[in-house]
Amino acid sequence: MRKLMMMAVILLAVGQGVIAQVPVKTGIWRALLHREDGRDIVFNYEFSWNKNKPVIYILNAEERMKVTDIILAGDSVFVQMPFFESSFRARVYSKDSISGNWIKATATKSVVLPFTASSRYTTRFTAVKGPAATNISGKWAVQLYKPGNEPSPAIGVFTQKNNKVTGSLLTPTGDFRFLEGIVTGDSLVMSAFDGSHALLFTAKVSNQKIANGMLYSGATGQQQWQAVANDTATLPNTAAMYLKSGEEGKLNFRFKDLNGKEVGINDERFKNKVVVIQIMGSWCPNCMDETAFLSDYYKNNKQRGVEMIALAYEYTTDAERSARSLNSFQQRFNITYPVLNTGVAVTDPQRTEKTLPQFTPIKTFPTSIIIDKKGKVRKVDTGFVGPGTGSYYNEYKAEFEKMISALLAES
């Protein structure tokens, strides 16, 4: 009986009535994305069943990302992530061993990384150097060094309990979402995977410094990083976007929604309303976090006179590909405000001129434009920070509510 409880078995019809038995152990699994340089990106997921259907939860700190588009056939497993055009194709070697590839589409070619997972050993990272020599909880002023570029600033916010560390890094263009890892001896190691981000951080730590840091991302990306403890660390506004000089602050755009209906900012629906215009893409992890927040906020506040519109800039101008990704995105977050496909690729250097010519270039995704009841732009917010940033996220939500309430109070 216990053995049956530990193992989920599905019988599937394969081919001409052949029945294939695919055992997969339920519970926590440890997964690795294998880079050519040997720097494996580690994450955990939980496998379970819900009403005889397989379910996976990708685990990063407190985040549990639900994945339900899963097919078990013969000894094969096919997992389609809920967004980011990201998937796994793998083979079941035993009830607790899987191997295959992670495939991530981009604007050009797909990224493919070998993937293995096991339920035999589920600890994300091993404390090979014993207990933590220091506690890095708090705020850190971070510098990221891309080869050939000037160092870019970030803020690290970490919480450490014993040797376990969670937190995130904030940059002028977004945050690194939910990071999870350990401090063992004087070594820090953290990772994250959400279907788009695939990250591994390593460094040496002391009470006041994080040194010799390396950030490995995706199949080949890497950059150095370092940090010093700083409770008053701030970020420059390098991602700012503004109305061009001489513009009156009124917009005039019109694009098709996901049902093919044209929707414009000057439609009757938006008149005398406070409107939040979300600049986003279904490929963007931070847009996912902002959409979760905005979708929930809209449902709870639209009766107050708040409206929203999402303007999507996808990987390509392929309308069918964009529609698939955006429909999945819309369904996942139950978005009830219009999502408009601009038809302009995110990589298009003229993306701003073709869609929002009143503005200086769009530098970051997501960006929010807030307009008042008279249709004038009152704020351009490029500073969204997600739930992985803890108190920063709470402050963002409070400031957003304060801004919306003030505009609603205007005559």
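This report describes the confidence, cores, strand pairings, empty spaces and some single residues of a predicted protein model.

**Basis and confidence**

Residues are numbered from 1 along each chain as its sequence is written, and side-chain values use heavy atoms, with hydrogens and water left out. Because this is a predicted model, local features need pLDDT of at least 70 and side-chain atom pairs count only at pLDDT 80 or more, while totals for chains, interfaces and linings use all residues.

The value pLDDT is the predictor's confidence in each residue, from 0 to 100. The protein averages a pLDDT of 93, and 95% of the residues score at least 70. Over residues 1-20 pLDDT stays under 50. For residues 1-20 the model has 34 contacts (heavy atoms within 4.5 Å) beyond four places in sequence.

**Nonpolar cores**

In soluble globular proteins, nonpolar side chains tend to be buried together. A nonpolar core here is a set of buried Ala, Val, Leu, Ile, Met, Phe, Trp, Tyr and Cys residues joined through side-chain atoms within 4.5 Å. Buried means under 20% relative accessible area, exposed means over 50%, and partly exposed lies in between, with a 1.4 Å probe and protein chains only.

The largest nonpolar core has 96 residues, and those with the most contacts inside it are L33, Y45, F253, I369 and F400. Helix α5 (residues 391-409) gives the most to this core, with seven residues. Helices (H or I, at least four residues) and strands (E, at least two) are DSSP runs, numbered from the N terminus. Leaving out residues up to four places away in sequence, F400 touches V276, F293, L294, Y297, M308 and I370. A second, separate core has 22 residues, including A154, V165, L215 and A227.

**Strand pairings**

Two strands pair if DSSP finds at least two bridges between them. The table gives four antiparallel pairs.

| Strands | Bridges | A bridge pair |
|---|---|---|
| β12 (residues 138-145) and β20 (residues 221-229) | six bridges | A141 and V228 |
| β19 (residues 209-217) and β20 | seven bridges | G213 and W225 |
| β21 (residues 254-257) and β22 (residues 262-264) | three bridges | F255 and V263 |
| β21 and β25 (residues 339-341) | two bridges | K256 and N341 |

Strand β20 is thus joined to β12 and to β19. The hairpin of β19 and β20 has three residues between the strands, and G218 there takes a positive phi near 60 degrees. The hairpin of β21 and β22 has four residues between its strands, and G260 in the turn has a positive phi of about 85 degrees.

**Empty spaces**

Rolling a probe the size of a water molecule over the atoms shows where empty space is left. On a 1 Å grid over the protein atoms alone, a cavity is a set of points where a 1.4 Å probe fits but cannot get out, and a pocket is an open set with protein on both sides within 12 Å along at least five of seven lines; lining residues have an atom within 4 Å of a point. Grid points are joined across faces, edges and corners, and a volume is the space filled by probe spheres set on the points.

The largest pocket has a volume of about 1,300 Å³. Its lining has 38 residues, of which K146, F176, H197, L199 and S217 lie nearest its centre. Strand β20 gives the most to this lining, with three residues.

The structure holds one cavity of 30 Å³ or more. The largest cavity has a volume of about 180 Å³ and is lined by 15 residues, with Y45, I56, V77, V79 and F115 nearest its centre. Strand β4 (41-50) gives the most to the lining of the largest cavity, with three residues. Y45 is also among the residues with the most contacts inside the largest core.

**Single residues**

R30 is found in strand β3 (residues 27-33). R30 counts as buried because its relative accessibility is 18%. Apart from neighbours within four places in sequence, R30 is in contact with ten listed residues, among them V42, F43, Y121 and R124.

F84 lies in the loop between β8 and β9. Phi of F84 is near 75 degrees, a positive value in a residue other than glycine. F84 counts as buried, because its relative accessibility is 2%.

A cis peptide bond joins F365 and P366, with omega about 0 degrees. P366 is placed in the loop between α4 (351-355) and β26 (367-371).
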